[in-house]
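Reader: Before turning to individual contacts, may I see the sequence and the model together? I should then like to put some questions about how the parts are held to one another.

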Amino acid sequence: MSPEIKNILRSELDTSAEKLSLNITKNKGFDSCTQVCEWLDGTWLESYVLQEVQKIQNEFGIKESMMSFHIKLKNFKDKDRFEFDVAFIKGYQLFVISCTTSNNKSLCKEKLFEAHLRARQLGGDEARVALVCCFHEPEWIEKDLEFAIKDRKIKVFGKDDLMGLADGIADWIELNQREAKA
């Protein structure tokens, strides 16, 4: 695990490098060790991304931001549900951020492709999509998807982007605003 990710986890749990106690995790709202394990398995990234979005929401007029919410499409079977990891609305535009702790390029591409499809289903052609992952060269994922998805509104944030993620998300929003005006 990279030092950046360790620092994010420590700050999210308000703990030191030496200890992790059940009291600390109960203070963060966890009721069981199972919940802590699920959080450490990947939900921490969604929580962190939402926190980073909330840092810039006033600056960009973001009225509402959420994480881990499920959507069930009308006239579809119960199995046709999907989840947005993190999403927010700016004006009338939907921004969706898919999150994965994976550093597997294929899995990251799959997550981004699904998020793009689902965001367009819910938010139309103007929906914006990003992926936050632990892949070391996120621009490779963007380039690979250029052939399948002709959409310049897609952004991939990798492992090295995690520490300055609020700034990266702000840049992504600003780029989309400039393109919308052009």
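**Salt bridges, rings and cores**

Reader: At what N to O distance do the side chains of K111 and D85 meet in a salt bridge?

Author: This is a predicted model, in which local features need pLDDT of at least 70 and side-chain atom pairs count only at pLDDT 80 or more, while totals for chains, interfaces and linings use all residues. Residues are numbered from 1 along each chain as its sequence is written, and side-chain values use heavy atoms, with hydrogens and water left out. A salt bridge requires a side-chain nitrogen of Lys or Arg within 4 Å of a carboxyl oxygen of Asp or Glu. K111 and D85 satisfy this, with an N to O distance of 3.4 Å.

Reader: How many residues apart in sequence are the parts that K111 and D85 tie together?

Author: Helices (H or I, at least four residues) and strands (E, at least two) are DSSP runs, numbered from the N terminus. K111 belongs to helix α4 (residues 105–123) and D85 to strand β2, so the parts tied together are separated in sequence by 26 residues.

Reader: Is D85 buried or exposed?

Author: Buried means under 20% relative accessible area and exposed over 50%, with partly exposed in between (1.4 Å probe, protein chains only). Its partner K111, at 25%, is partly exposed. D85 has a relative accessibility of 7%, so D85 counts as buried.

Reader: In which helix do E52 and K55 both lie?

Author: E52 and K55 form a salt bridge whose closest N and O atoms are 2.8 Å apart. E52 is buried at 3% relative accessible area, whereas K55 is exposed at 56%. The two are three residues apart, about one turn of the helix, and that helix is α3.

Reader: How many salt bridges does a search of the whole structure find?

Author: Besides the bridges already discussed, D125 and R120 meet at 2.3 Å, N to O. D125 is partly exposed at 48%, and R120 is partly exposed at 35%. Salt bridges with shared partners also join K105, K109 and D144 into one network. For the whole structure, the number of salt bridges found is seven.

Reader: Why is the pair of F95 and W172 edge-to-face?

Author: Rings of Phe, Tyr and Trp (its six-membered ring) pair if their centres lie within 6.5 Å; planes under 30 degrees apart count as stacked, over 60 as edge-to-face and the rest as tilted. By this rule there are three aromatic pairs. The centres of the F95 and W172 rings are 5.2 Å apart, and the pair is edge-to-face because their planes stand at 90°.

Reader: How many residues apart are F95 and W172?

Author: Both F95 and W172 are buried, and with F88 they form one aromatic cluster. F95 lies in strand β3 (residues 93–99) and W172 in helix α6 (residues 165–181), so the pair links distant parts of the chain, and the separation is 77 residues.

Reader: Which element gives the most to the largest nonpolar core?

Author: A nonpolar core is a set of buried Ala, Val, Leu, Ile, Met, Phe, Trp, Tyr and Cys residues joined through side-chain atoms within 4.5 Å. The largest has 27 residues, and I97 and I169 have the most contacts inside it. Elements giving two or more residues to this core include α1 (3–13), β2 (81–90) and β4 (128–132). With eight residues, the element that gives the most is α3.
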